[in-house]
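Here is a friendly walk through this structure for someone meeting it for the first time. Keep the 3D view open and follow along, heading by heading.

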Amino acid sequence: SILDAELSTGYHFRPIKNWINDPNAPMYYKGWYHLFYQYNPKGAVWGNIVWAHSVSRDLINWVALETAIQPSIKSDKYGCWSGSATILRDGTPAIMYTGIDRADINYEVQNIAFPKNKSDPLLREWVKPRGNPIIVPEGGINATQFRDPTTAWYADGHWRLLIGALSGASRGVAYVYRSRDFMRWTRVRKPLHSAPTGMWECPDLYPVTADGRHRHKGLDTSVVSGPRVKHVLKNSLDLRRYDYYTVGTYDRKTERYVPDNPAGDEHHLRYDYGNFYASKTFYDPVKRRRILWGWANESDAAVDDVAKGWAGIQAIPRKVWLDPSGRQLMQWPLEELEALRGKRPVSIKNRVVKRGEHVEVTGLRTSQADVEVSFEVASIDGAEALDPALANDAQKLCSMRGAHVEGGVGPFGLWVLASSKLEEKTAVFFRVFKAARNINSTNNKPVVLMCSDPTMSSLNPNLYKPTFAGFVDTDIAKGKISLRSLIDRSVVESFGAGGRTCILSRVYPTLALGKNARLHVFNNGKVDIKVSELTAWEMKKPALMNGA
Ligand code: DQQ
């Protein structure tokens, strides 16, 4: 229907039809970026999983190729689940993935595949050598919760990789496997790390540098030590459906990982506080950066997905690096995306937004837009007190104090995908609390909350409209905070404070579509705020955007 077309994302990667989920084996090879992903060739719901494959020269325009990996051997007969690519020392890319080899239960084994023709930069055809599966669950491992091999790293004559698992009823585990030849793998007895969080899907372990001068540079996964090298361990929590990470130290002698913050596993730093799951990074040798891909599911009803014929998108690929504080990562949409910005941005400068006021940004279409705004807060004296019981529960705090609940300093931010009479609008905003003790702060720093509140996003009553929120580790007492939102019809992907806190929401307006979608700056706090600068660009569609 017309409505479906109006909700189809334009510059976020998505399939033309059918279901997609996890990004798999992202890599760069001979001039091309490769993205594989979990795909159901038969419908818009999860099932019949194969690896679809698209390639790009610029990470913006994508060309769909034929299915790369599909059930064809005994050890992947019932599904080709998630996995990763490793570029071997002679330049050959290898893919390791989880195969399901039984019809009755999800019995999980790990398989390997190689390109049929290494000189084809598009890597169209993949072959599964004899000897698969190459890793099977043994030694008491729960075979139904044993999947998603990572990119391997090489040191001291050995390759290592991780496999996500569940131990007992509730312990998430990342097992280390080692190999000399990439074919015969042995498990290291003690896992790399574990925590009482439930199953760890799609683990990811990679180095980052704390060296101030090279901070933005990514490191190849095999860089395991060196001056100021830290590691990030990310896990996808099956129970809670989000990706969390810690920053810590990896010791290749003991094959253990220790988070810097002893409470790290409970503190739940997240890549994204919204709809973002089963993500994976890779090292881009061309621009020497680490790139993060993540899947955003639909949040309409499954019947709507079947009706519109497709479900699932990939978030805009993000560059990730370590914040100078060393406490967390920073994320920013790849600079390549800026090529899609229209030629005539609209901008606003030094505009005070008073208590209860909202200012419409006119002069462009904002159903597909990129908006960057910096706010100034003259004083935080009028900030609300933070209820200590909610001091570490951003989501609850935001669901109780949504965009319409007047505060002291904030809520202020953007209404995106707003209808002309504002019956529909998605609020992306900040709310400032008086200095208090919370995840990011000792008593002497004001607490900043970032929210994405979709409760008013649609008049359609049959939608899941969760409020998403995270705290922002920034010093608002300095008086400034920035926000960037990528709006793409049914996606609002936002980056707070230069990429310290990110939130992706899926929304399904019924009125705020196409040219009827409006953009406003709002302030529902008691204290005036100032938009020091806002720039909004219409976003063009990439010339080629082909999922399968
Ligand atoms: N999706 C894959 C699994 C993975 C899960 C199956 C995460 O390999 O654990 O489609 O979304």
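## A six-stranded open sheet

In this predicted model, six strands line up as an open sheet in the order β26-β37-β28-β33-β34-β35, with antiparallel pairing. The edges are held by β26 (346-353) and β35 (501-506); each has a single partner strand, so one side of each has no neighbour in the sheet. From one strand to the next, the twist averages 15°.

Let's follow the pairings across this sheet. At one edge, β26 pairs with strand β37 (residues 529-538) in the antiparallel sense over 7 bridges. Within β37, Glu533 is the residue opposite Lys349. Strand β37 is also joined to strand β28 (residues 368-376), by 8 bridges, and these two run antiparallel. Here Val371 has Ala536 of β37 as its bridge partner. Over at the other edge, strand β34 (residues 491-496) and β35 run antiparallel and are joined by 6 bridges. To find this pair in the view, look for Gly496, which stands opposite Thr501 in β35. As a general reminder, strands of a sheet pair through backbone hydrogen bonds, either parallel or antiparallel.

## Another open sheet

An open sheet of 6 strands also appears with the order β27-β36-β29-β30-β31-β32, and its pairing is antiparallel. Which strands stand at the edges of this one? They are β27 (358-360) and β32 (468-472), each pairing on one side only. On average, and ignoring direction, neighbouring strands of this sheet are turned by 15° against each other.

Inside this sheet, strand β29 (residues 409-418) meets strand β36 (residues 518-523) in an antiparallel pairing with 5 bridges. Gly413 has Phe522 in β36 as its bridge partner. Strand β29 has another detail to look at: Pro411 is found in this strand, and the peptide bond leading from Gly410 to Pro411 is cis, with omega near 10°.

## Two domains and where they touch

Now zoom out to the whole chain. Its domain assignment gives domain 1 (2-13 + 23-335) and domain 2 (342-538). Between the C-alpha centres of the two domains the distance is 31 Å. How many residues of domain 1 are in contact with domain 2? There are 30 residues of domain 1 in contact with 30 residues of domain 2.

On the side of domain 1 that touches domain 2, the elements giving two or more residues are α1 (2-7) and β25 (329-333). The largest share, 4 residues, comes from β25. Sorted by class, this side of domain 1 has 13 nonpolar, 10 polar and 7 charged residues.

## The hairpin that includes β25

Strand β25 is worth a second visit. Strand β24 (residues 318-322) is joined to β25 by 5 bridges, and the two run antiparallel. Across this pair, Leu322 stands opposite Leu329 in β25. Together β24 and β25 form a hairpin with 6 residues between them, and Gly326 in the turn has a positive phi of about 75°.

## The annotated stretch

An unreviewed UniProt entry carries the annotation "domain: Glycosyl hydrolase family 32 N-terminal" for residues 12-333. In the model, the end C-alpha atoms of residues 12-333 lie 12 Å apart, and the span is 3% helix and 48% strand.

## Around the ligand

Next, have a look at the ligand. Which of the 14 residues around the ligand come nearest? They are Gln38, Trp81, Ser82, Glu201 and Ala278. Several strands help build this shell: β1 (18-29), β5 (80-87), β15 (200-209) and β20 (277-284) are the elements that give two or more residues to it. By class, the shell divides into 5 nonpolar, 5 polar and 4 charged residues.

## Backbone details to look up

Strand β1 has a backbone feature of its own. Ala25 lies in this strand, and Ala25 has a positive phi of about 45° although it is not a glycine.

A cis peptide bond also links Asn132 to Pro133, with omega near 0°. To find it, go to the loop between β8 (126-127) and β9 (146-147), where Pro133 is found.

Terms used
Residues numbered from 1 in each chain as written. Predicted model: local features only at pLDDT ≥ 70, side-chain atom pairs only at ≥ 80, totals over all residues. Pairing = 2+ DSSP bridges. Axes fitted to C-alpha atoms, helices over the stretch in contact; angles between N-to-C directions. Near = placed C-beta within 6 Å. Nonpolar A, V, L, I, M, F, W, Y, C, P; charged D, E, K, R; others polar. Domains from an automatic or database assignment. Contact = placed C-beta atoms within 7 Å. UniProt positions renumbered as here; feature names shortened; annotations may be inferred.
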